[in-house]
Amino acid sequence: MLAVLGSAGMLAGLVGAALLVRRGIAAARSDRPANLEGAVRVLVAGAVVAMGAMVLALLTDDFSLVYTANHHAIATPFPFDVATAWAALEGSIVLWGLVLTGYTWLVFHLHRRSPDRLGAAALAVMGGVAIFFFGLMITVANPFEVCVQAADIGCLESSPWPFAAVEAPANGPGPNPLLQNHFMMAVHPPILYLGYVGMTVPFAYAIGALSLGVPGPEWLRRSHRATLVAWSFLTLGIVLGAWWAYEVLSWGGYWAWDPVENASLMPWLVATAFLHSGIVQQRRGMLQAWNFILVISTFSLTILGTFLTRSGTINSVHSFTQSAIGPALLGFLVLTLVGSFVLFSTRSDLMATSPRLESLVSREGTFLVNNLLLSVYAFIVLIGTTYPLILEAFTGTQVGVGEPFFNRLAVPVSFLLLLVIGFGPVTPWRTTEKGLIWRRTRTSAVAALGAGLLIAILVSRNGWVVLAVTLGTFVIATLLGLLWEQARKRSMRTGDSHSRSLQRVVTGDGAFWGGQLSHAGVVLVAIGIAFAGNLGEHAETDLSPGETTTFQGYTVTYESPFRKTTPGKTIVGARLTVTRGDDVVGIVEPSWNYFGAQSVVGTPDVLHRPGGDLYFTLRDLPDEQGAIPIAFDTSPMIWVLWLGGLVAVTGGVVAMAARRRERRPAVEAQTVDV
Amino acid sequence: MSERLRNVVTIGLLVVMATVLVVLVATSPTDTDRVQAIGERIKCPVCQGESIANSPSPMARDMMGLVAERVADGGSDEAIVDELLASYSGAVLLDPPARGWTLLLWIAPLVALGAGAGVILWWRRHPVEPAPVTASDEVTGRRRLVPLLVLVGAFAGIVVVAGFFLQERAGPATGAADLAGEELDDVSNETMEAVIAANLDDPEVDGMRLALAERYYQAGDYRSAFPHYLEVAESDDATESQAVAALIRLGWMAWDGNAEVDAAVGLFDQALAIDAGSATARYLKAQVLWCGAAAYEQAAGLFEAVLSDPELPEESRDLVEADLAAVNSGASCT
């Protein structure tokens with residue numbers, strides 16, 4: 001029954017997408033306003049019904065669906081049963097489709113307010129992307145196949161025909177244990193997808209603008225907010241993913257340059273470059289062609305990321321052809337790249353010639369450097385992630401590319417970026433009056449070196465830590481100085497109080513100051529990484545019950561092993577008391593979780609302290625006498641990293657919510673911005 | 001304070017502070033954790049992309065133990081890395097060397113950075129002047145070049161991807177190699193049976209068989225596991241370790257499933273003939289002799305031989321010692 005409903009939903013989605021493409025193209029070709037609402041409604045309804053049917057099947061333990069039979073168990077508790085809807089490949093494509101239709105709905109509403117050819121063309125592109133994903137669902141990643149031959153647990157044979165004679169198993173094996181361990185499973189994929197899929201919107205407007213031959217900044221203006229929404233979600237998704245890896249997954253850290261992590265970082269880097277270069281085009285009319293390249297790259301990287309994470313190619317190049325999803329996604333990627341760039345090249349004669357870049361020491365100059373650095377950064381991650389796969393596919397040679405490679409190349413680029421973030425916001429557009437930048441940064445330079453000296457004397461003389469604090473202080477002090485200067489000037493002009501002027505300056509240009517808030521967030525992330533990555537301490541020891549050891553001034557007493565059984569899993573762990581002097585700091589229970597017979601997932605326990613975390617990992621199960629091998633780690637100041645991530649996201653939200661000010665083109669000299 | 005004086009003072013202050021800071025950082029005691037640093041350069045053989053420094057797996061811990069030992073002995077980084085790579089198959093250097101295939105990895109980002117900077121500087125020096133309304137031949141020529149270049153690039157991309165596909169498709173549609181990765185977990189037994197049936201001539205089929213048989217074995221389905229283990233044991237393509245693993249399983253199934261003591265002992269002996277050092281074969285043979293034939297002395301001798309193996313893991317040692325004590329005390333097996 002649900003198979004029929006779900007299949008109908010997928011078909012409706014496909015039909016709606018096809019209708020949208022057809023009507024969208026027709027509307028983009030003529031000036032006659034076209035009615036796209038019907039198509040969008042069918043598309044959205046289809047996606048909602050498909051996702052609804054999946055969730056319903058999971059909630060009602062309907063094992064007649066292969067997806068439920070193979071990824072769900074009766075014992076799977078809420079909310080993991082719902083989250084299972086996107087825990088495996090087929091379901092994740094349904095989620096992708098749902099999010100895509102959500103964004104399509106948004107674009108449609110923007111379009112309806114002032115219907116024109118550009119909006120219609122963008123909707124047609126979104127429909128085209130939706131055709132691919134609904135097509136994927138119906139053909140190679142069908143989540144509504146029914147089980148026609150059941151095993152004791154799970155399903156042996158399936159049929160895509162929803163009316164086939166069903167033989168449902170009594171129970172299933174449950175979702176991937178790694179994902180059953182924490183509520184983040186329910187939250188993280190949707191947030192990441194809201195980021196990934198949102199990048200379709202600027203892409204759709206860009207392709208629409210290219211098709212119509214209107215490469216001016218209108219497409220940027222239209223998609224600006226959507227880009228910020230997607231960017232904010234993508235940032236949040238990456239930060240939450242790092243937090244999850246650190247706090248729950250026992251991966252030993254927040255970032256390991258794992259291909260799955262890299263897959264989300266690459267589009268983020270290019271999208272960040274795009275956000276900046278888009279501003280240059282809107283203000284100065286420059287970088288028109290470059291913006292198309294960036295937005296096409298961002299969208300392509302989201303597809304590449306999905307290909308890398310969902311085709312199994314990362315685990316083994318040879319699993320590539322195991323399922324048709326890999327070739328399908330790779331084919332779509334190539335089609336996107338080739339189609340977009342051919343279209344782009346045929347429109348290159350329409351690109352307006354750029355105004356002259358008068359000086360590199362200008363806002364647009366710093367944006368150029370920032371774009372160069374971000375692009376090279378993305379390229380480093382791209383080549384490091386894909387090169388081993390490509391090399392192995394063609395030559396069979398196995399090479400590893402891991403943390404040492406990425407750190408050696410990406411860390412210097414990151415510090416250069418911090419430096420550019422410091423100078424960019426205080427550099428005026430076009431040309432710079434002699435000495436202006438010096439006047440605006442000299443105080444913060446003193447403050448920065450002062451902060452660096454303080455850290456070096458009081459905390460650590462580790463070069464990376466000192467450099468991160470110095471550059472970070474420089475960025476933030478420069479921003480505060482700029483804010484102060486603008487508020488003071490406004491006070492002198494209007495006679496308002498300083499505090500009122502401060503408020504007015506910020507609210508008067510929310511987009512700019514939202515961006516600066518994100519810059520501050522990036523700074524905090526860098527400082528958090530520098531501390532946690534360079535000043536962490538590590539120790540390992542074996543403890544028997546009752547034994548005590550010391551670590552970094554803390555006394556750790558191993559009380560006893562424990563075993564807990566909850567529906568769906570058994571937890572075996574160790575209970576330890578952590579004291580400092582006479583105060584009990586906390587009780588920790590690092591553990592191993594069993595799901596069914598074979599799958600075991602380690603879960604660390606973390607004590608959060610103001611100076612940083614104490615991190616406990618069980619290296620193995622307690623033996624018969626209850627003895628455990630245990631690892632202790634410190635992560636100094638790691639909360640600064642999480643805080644920074646949230647600040648960066650908040651900045652994105654502020655910029656997005658800011659009232660769009662009709663910007664004067666920056667034709668006058670640098671006084672415009674001050 | 002005049003502006004000029006203020007500037008001089010600020011610059012002086014900055015220079016002094018920067019100098020002190022650089023000196024402080026440069027003279028900081030370097031306590032780089034060499035063990036950790038070396039560990040981060042080696043991929044853990046049984047994990048997905050984790051280095052041995054970060055993986056909690058027992059093998060990674062063993063390898064880290066070896067690194068610590070060698071560092072304590074004063075071995076050089078490169079020697080330790082080389083030793084690990086040589087002695088653990090599947091261990092891969094995560095820090096690609098700047099030579100051979102991986103030289104490109106290091107060069108390409110630098111080239112990209114240089115090229116990007118070059119473009120920006122070129123643009124600064126040679127601003128594109130607004131094009132005249134009627135384009136000259138030269139201009140249209142240049143404009144035609146861009147689509148041409150893009151088309152050539154796109155074509156190259158298609159060729160590369162097509163090559164990738166063809167490479168993949170060159171083997172049988174469901175090649176054994178296609179399933180040889182860690183994704184095996186996601187493959188059903190039936191699929192594996194089908195793949196094996198389709199690839200009987202593929203030398204890699206023995207690995208598949210062993211993996212599949214292992215699943216049946218773990219599930220207690222000896223009947224399904226048996227033919228696959230037998231094929232591997234008799235296969236000419238199987239590696240020695242594969243053959244030994246299969247023989248050991250066959251031996252244990254013969255005893256555990258059919259109570260055939262002689263057959264089991266014979267199979268264990270075959271395994272030991274290939275790998276005389278196999279502690280598992282020796283231990284299980286002792287178990288069967290003890291439990292099935294009440295041959296206490298023979299069993300005790302074998303247990304002792306197992307214990308004399310210096311590489312026997314500590315946790316197994318306790319188990320074998322307990323068995324040896326039980327045999328020596330004349331207890332019947334449990």
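Into which domains is chain B divided? Select chain B and colour two ranges: domain 1 covers residues 1–31, and domain 2 covers residues 34–93. Keep in mind on this tour that you are looking at a predicted model. The model scores ipTM 0.85 and pTM 0.79.

**Stop 1: chain B as a whole**

Put a marker at the centre of each domain of chain B, using the C-alpha atoms, and the distance between domain 1 and domain 2 comes to 42 Å. Now switch to a cartoon view of chain B, which has 14 helices and 2 strands. Of its 334 residues, 28% count as buried. If you take the contacts in chain B between residues at least 6 apart in sequence, 43% of them join residues at least 24 apart.

**Stop 2: colour chain B by confidence**

Colour chain B by pLDDT. The average is 77, and 80% of the residues score at least 70. Which elements of chain B have the highest and the lowest mean pLDDT? Select residues 3–26 for the highest: this is helix α1 of chain B, with a mean of 90. Then select residues 137–169 for the lowest: helix α6 of chain B, with a mean of 53. Residues 130–142 of chain B have a pLDDT below 50, and beyond near neighbours in sequence this stretch has 4 contacts in the model. Residues 165–183 of chain B also stay under 50, and here the model has 46 contacts beyond four places in sequence. Where pLDDT is low, the predicted coordinates should not be read in detail.

**Stop 3: a proline and a helix in chain B**

Select P56(B). This proline is in the loop between β1 (42–43) and α3 (58–73) of chain B. Is P56(B) buried or exposed? P56(B) has 21 C-beta neighbours inside 10 Å, so it counts as buried. Add C44(B) to your selection: P56(B) and C44(B) are 12 residues apart along the chain, and their C-alpha atoms are separated by 9.8 Å.

Next, select residues 240–258 of chain B, which form helix α10. From first C-alpha to last, this 19-residue helix reaches 26 Å, close to the 27 Å expected at 1.5 Å a residue. Step just past the end of α10(B) to find A259(B), with a positive phi of about 55 degrees.

**Stop 4: chain A as a whole**

Now select chain A. Colour domain 1 (1–175), domain 2 (422–532 + 649–673) and domain 3 (545–626). Notice that domain 2 is written as two ranges. The centres of domain 1 and domain 2 of chain A, taken over C-alpha atoms, are 45 Å apart.

In the cartoon view, chain A has 19 helices and 12 strands. Turn it around: along its principal axes the C-alpha trace spans about 75 × 70 × 55 Å. The radius of gyration of chain A is 27 Å, which agrees with the value near 26 Å for a compact globule of 674 residues. Buried residues make up 55% of chain A. Among its contacts between residues at least 6 apart in sequence, 70% join residues at least 24 apart.

**Stop 5: a kinked helix**

Select residues 403–423 of chain A, helix α14. Its 21 residues reach 30 Å from first C-alpha to last, close to the 30 Å expected. Where does α14(A) have a kink? Look at A410(A), shortly before the proline P412(A): the kink there is about 30 degrees.

Show side chains for some buried residues of α14(A), including F405(A), F406(A), L409(A), L417(A) and I421(A). The buried residues of α14(A) pack against α13, α15, α16 and α18 of chain A, together with α5 (103–125) of chain B.

**Stop 6: unusual backbone spots in chain A**

Most residues other than glycine have a negative phi, and most peptide bonds are trans. Here are some spots to compare with that.

- Select F78(A) and P79(A): the peptide bond from F78(A) to P79(A) is cis, with omega near 0 degrees. P79(A) lies in the loop between α3 (66–71) and α4 (80–83) of chain A.
- Select D61(A), in the loop between α2 (37–59) and α3 of chain A. D61(A) has a positive phi of about 50 degrees although it is not a glycine. D61(A) counts as partly exposed because it has 17 C-beta neighbours inside 10 Å.
- Select M637(A), in the loop between β12 (628–636) and α19 (638–657) of chain A. Its phi is positive too, near 60 degrees. With 22 C-beta neighbours inside 10 Å, M637(A) counts as buried.

Technical notes:
Residues numbered from 1 in each chain as written. Chains lettered and ligands numbered in written order. Domains from an automatic or database assignment. Helix = DSSP H or I, 4+ residues; strand = E, 2+ residues; numbered from the N terminus. Expected span 1.5 Å × (residues − 1). Bend = angle between axes of the 7 residues up to and from the residue. Buried ≥ 20, exposed ≤ 12 C-beta atoms within 10 Å, placed from the backbone. Contact = placed C-beta atoms within 7 Å. Rg over C-alpha atoms; globule rule 2.2 N^0.38 Å. pLDDT = per-residue confidence, 0-100.
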